[in-house]
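Biologist: I would like a close look at a single loop position in this model, and then an account of how other parts of the chain are placed. Please take the position itself as the starting point.

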Amino acid sequence: MPKPLIIVFPLLLLLLCSTVNGTQQQQRFKEAPQFYNSPDCSSILNDAESESNDDDDAAIFCSDKAVHVAMTLDTAYIRGSMAAILSILQHSSCPQNIAFHFVSSASANASQLRAIIFTSFPYLKFRVYTFDDSAVARLISTSIRSALDCPLNYARSYLANILPLCVRRVVYLDSDLVLVDDIAKLAATPLGHDSVLAAPEYCNANFTSYFTPSFWSNPSLPLTFANRKACYFNTGVMVIDLDRWRDGQFTTRIEEWMELQKRMRIYELGSLPPFLLVFAGKIVPVDHRWNQHGLGGDNFRGLCRDLHPGPVSLLHWSGKGKPWARLDASRPCPLDALWAPYDLLQTPFSLDS
């Protein structure tokens, strides 16, 4: 009996996520204003070495001068994605030099998602890539919250395979955040001679809580963190060197931990722990201003939270509570008011200008 269940679970998982993704297909969004480069920032397209007119925008998708941003895209979180895109463009000194790489599930309607983005951002330089979610579904174990189990949450582990080889560095962002600073500053984070990724790091968090007692009681598994100052970091905001990722075969390393998790339960929290197992203690720390995370509360209740002390460049509603859901329910948290100005949802009662 257990073998059929192993086969059936990925199918149930894909069905569950596609059902969730299909609940908000009727949303309509307003067209966003276009933002322009500051006077001291020239467009990459004007500086492109190639004078080919076959595709005026093609040069940016392989340019090292561009800021490459990767995000996942689905109908369940599309409202958050639209707000995130708007915030990035609004606060960028060089919005025309940003290349967006959106990853959607193979089970999603990619044409519909592409049309939604284009309708609100007709000037945006973006591409949509298909992620074979069935391949990773077989590796996913149930976690503490069903939303964390959707295969698209694991797409960040496969960016080096999904994006073109010419994309060497990318800023990965979750869909439940907004920027209030220039993303170029984050993208320019130095990665040193050998680091694969950079992210805000939190060494005051209880790192042991991200793994089960079975992990820590095993005679060999805790040795994974030997000679490493392993700290928690949130994978919703990362700067990744894709060349180094490919050279180090880090997707395979993450999958090996997921395969072990299927055999013996060593963690409870979706796609985060495999990243910690591979990278914790080896990343370049980024200032906390670039991930004021946890604004969605914990993964069970989603209670309201305050900002962390210090400056803010990025607000992240990680956790169960999402600002659009709380605003719609007329039960917003105080900080949800900071997300609301970026909401492009076209309400039934709004008038066209």
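Does Asn227 count as buried or exposed, and at what relative accessibility?

Modeller: This is a predicted model, and everything that follows should be read with that in mind. Asn227 counts as exposed, because its relative accessibility is 85%, and exposed here means over 50%. The residue lies in the loop between helix H8 (residues 213–217) and strand E7 (residues 232–233). Its backbone deserves a look as well, since phi of Asn227 is near 65°, a positive value in a residue other than glycine. Most residues other than glycine have a negative phi.

A positive phi, near 50°, is found for Gln249, which again is not a glycine. Gln249 sits in the loop between helix H9 (residues 242–248) and H10, and with a relative accessibility of 56% it counts as exposed.

Following the chain into helix H10, which spans residues 250–263, one comes to Gln261. Gln261 is buried, because its relative accessibility is 4%, and the limit for buried is under 20%. A polar atom of the Gln261 side chain lies 2.8 Å from the backbone oxygen of Tyr267. Once residues up to four places away in sequence are set aside, Gln261 touches Ser141, Ile266 and Tyr267.

Asp287 belongs to another loop, the one between strand E9 (residues 284–286) and strand E10 (residues 314–316). With 46% relative accessibility, Asp287 counts as partly exposed. Its side chain reaches the backbone nitrogen of Arg289 at 2.8 Å, while the C-alpha atoms of Asp287 and Gly310, 23 residues apart along the chain, are separated by 9.9 Å.

A loop residue can be buried too, as Gln27 shows: it is found between helix H1 (residues 2–21) and helix H2 (residues 44–47), and it is buried, with a relative accessible area of 17%. Apart from its neighbours within four places in sequence, Gln27 is in contact with Thr75, Ile78, Arg79 and Leu345.

Ile78 leads on to the pairing of helices H3 and H4, whose axes come within 11 Å and cross at roughly 35°, with H3 passing H4 in a right-handed crossing. H3 contributes Ile78, Met82 and Ile85 to this contact, and H4 contributes Leu113, Ile116, Ile117 and Ser120.

In H4, residues 110–120, the buried residues are Ala110, Leu113, Ile116, Ile117 and Ser120. Seen down the axis of H4, these buried residues fall within an arc of 125°, so they line one face of the helix. The general background is that an α-helix has 3.6 residues a turn, so residues three or four places apart point the same way. The cover over the buried residues of H4 includes helix H3 (residues 78–90) together with strands E1 (residues 67–73), E2 (residues 98–105) and E3 (residues 126–131).

These details belong to a protein with 12 helices and 10 strands, in which 54% of the 353 residues count as buried. Among its contacts with a separation of 6 or more, 76% are between residues 24 or more positions apart. The protein exposes about 16,800 Å², of which carbon and sulfur atoms supply 54%.

Key: Residues are numbered from 1 along each chain as its sequence is written. This is a predicted model: local features need pLDDT of at least 70, side-chain atom pairs count only at pLDDT 80 or more; totals for chains, interfaces and linings use all residues. Side-chain values use heavy atoms; hydrogens and water are left out. Helices (H or I, at least four residues) and strands (E, at least two) are DSSP runs, numbered from the N terminus. Buried means under 20% relative accessible area, exposed over 50%, partly exposed in between (1.4 Å probe, protein chains only). A polar contact is a pair of N or O atoms within 3.5 Å; within protein, one must be able to donate a hydrogen and the other to accept it, and residues adjacent in sequence count only if both atoms are side-chain atoms. Contact means heavy atoms within 4.5 Å. The arc is that of the directions from the helix axis to the C-beta atoms. Accessible areas come from the Shrake-Rupley method with a 1.4 Å probe; for residues, only the protein chains shown count as cover. Axes are lines fitted to C-alpha atoms, for helices over the stretch in contact, and angles run from 0 to 180 degrees between N-to-C directions. A crossing is left-handed if the near helix is turned anticlockwise from the far one by less than a right angle, and right-handed if clockwise.
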